[in-house]
Amino acid sequence: LFLYTDGLTELLNSQQKMWAERSVIKVILKNTTTNPQQLVSIMSRNYKNYQGEAELEDDVTFIACRII
């Protein structure tokens, strides 16, 4: 289960392009075998790389958990 606020999908880079929901889904699908902690680290690294030097305009909050 991966939950997030709109700040993750509305993240803008320095060219003012939005990261968008498809980017979040792409990261999740590429990492289906990782544990929740790893997924959070990978997602953080990906959105920070996309953001670059641009300032955050909204909060970015997300959580991953495995349902057993």
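Visitor: Where in this predicted model is glutamine 16 placed, and what is the sign of its phi?

Guide: In this predicted model, glutamine 16 sits in the loop between helix H1 (6-9) and H2. As a general idea, most residues other than glycine have a negative phi. Glutamine 16 is not a glycine, and yet its phi is positive, at about 65 degrees. Its relative accessible area is 53%, so glutamine 16 is exposed.

Visitor: Which helix holds alanine 20, and what value does its phi take?

Guide: Alanine 20 belongs to helix H2, and its phi, near 75 degrees, is again a positive value in a residue other than glycine. Alanine 20 counts as buried because its relative accessibility is 14%, which falls under the 20% cut-off.

Visitor: How should I read the surroundings of glutamate 10, and with which residues is it in contact beyond its neighbours within four places in sequence?

Guide: Begin with its position, which is in the loop between H1 and H2, and then take its accessibility of 40%, which is why glutamate 10 counts as partly exposed. Once neighbours within four places in sequence are left aside, glutamate 10 is in contact with Met18 and Asp58. A further relation within the chain links glutamate 10 to glutamate 21, for their C-alpha atoms are separated by 8.2 Å while the two residues are 11 residues apart along the chain.

Visitor: Which residues touch the most other members of the largest nonpolar core?

Guide: The largest nonpolar core has 13 residues, and those that touch the most other members are Phe2, Leu8, Trp19, Met43, Tyr47 and Phe62. Two or more residues are given to this core by each of helix H2 (20-30), helix H3 (36-51) and strand S2 (62-64). Helix H3 supplies the largest share, namely four residues.

Visitor: Taking leucine 8 from that list, is it buried or exposed, and what lies around it?

Guide: Leucine 8, which lies in helix H1, has a relative accessibility of 0% and therefore counts as buried. Beyond its neighbours within four places in sequence, leucine 8 is in contact with Phe2, Trp19, Val24, Met43, Tyr47, Asp59, Val60 and Phe62. One of these contacts, valine 24, is 16 residues from leucine 8 in sequence, with 8.0 Å between the two in space, C-alpha to C-alpha.

Visitor: And which residues does phenylalanine 62 touch, not counting residues up to four places away in sequence?

Guide: Phenylalanine 62 touches Phe2, Leu3, Tyr4, Leu8, Val40, Met43, Ser44 and Tyr47 on that basis. Among them are Phe2, Tyr4 and Tyr47, and these three form one aromatic cluster together with Phe62.

Visitor: How is a pair of aromatic rings described, and how many aromatic pairs are there here?

Guide: A pair of aromatic rings is described by the distance of the centres and the angle of the planes. In this structure the count comes to four aromatic pairs. The pair formed by phenylalanine 2 and tyrosine 4 is tilted, because their ring centres are 6.0 Å apart and their planes stand at 40 degrees. As for accessibility, phenylalanine 2 counts as buried because its value is 14%, whereas tyrosine 4, at 32%, counts as partly exposed.

Visitor: Which helix contains glutamine 51, and is this residue buried or exposed?

Guide: Glutamine 51 is part of helix H3 and counts as buried, because its relative accessibility is 11%. Apart from its neighbours within four places in sequence, glutamine 51 is in contact with Leu11, Leu12, Asn13, Ser14 and Leu56.

Visitor: How far apart are proline 36 and cysteine 65 in sequence and in space?

Guide: They are 29 residues apart in sequence and 5.3 Å apart in space, C-alpha to C-alpha. Proline 36 lies in helix H3 and, with a relative accessibility of 17%, counts as buried. With neighbours within four places in sequence set aside, the contacts of proline 36 are Ala64, Cys65 and Arg66.

Visitor: How is empty space found, and what lines the largest pocket?

Guide: Rolling a probe the size of a water molecule over the atoms shows where empty space is left. The largest pocket holds about 190 Å³ of space and is lined by 13 residues, of which Leu1, Thr32, Thr34, Leu39 and Cys65 lie nearest its centre. By residue class, the lining of this pocket divides into eight nonpolar, four polar and one charged.

Technical notes:
Residues numbered from 1 in each chain as written. Predicted model: local features only at pLDDT ≥ 70, side-chain atom pairs only at ≥ 80, totals over all residues. Heavy atoms only, no water. Core = buried A, V, L, I, M, F, W, Y, C linked by side-chain atoms within 4.5 Å. Buried < 20%, exposed > 50% of the residue type's maximum accessible area, 1.4 Å probe, protein only. Contact = heavy atoms within 4.5 Å. 1 Å grid on protein atoms, 1.4 Å probe; cavity = no way out; pocket = protein on both sides within 12 Å on 5 of 7 lines; lining within 4 Å. Points joined across faces, edges and corners; volume = space filled by probe spheres on them. Nonpolar A, V, L, I, M, F, W, Y, C, P; charged D, E, K, R; others polar. Phe/Tyr/Trp six-rings, centres within 6.5 Å; stacked < 30°, edge-to-face > 60°.
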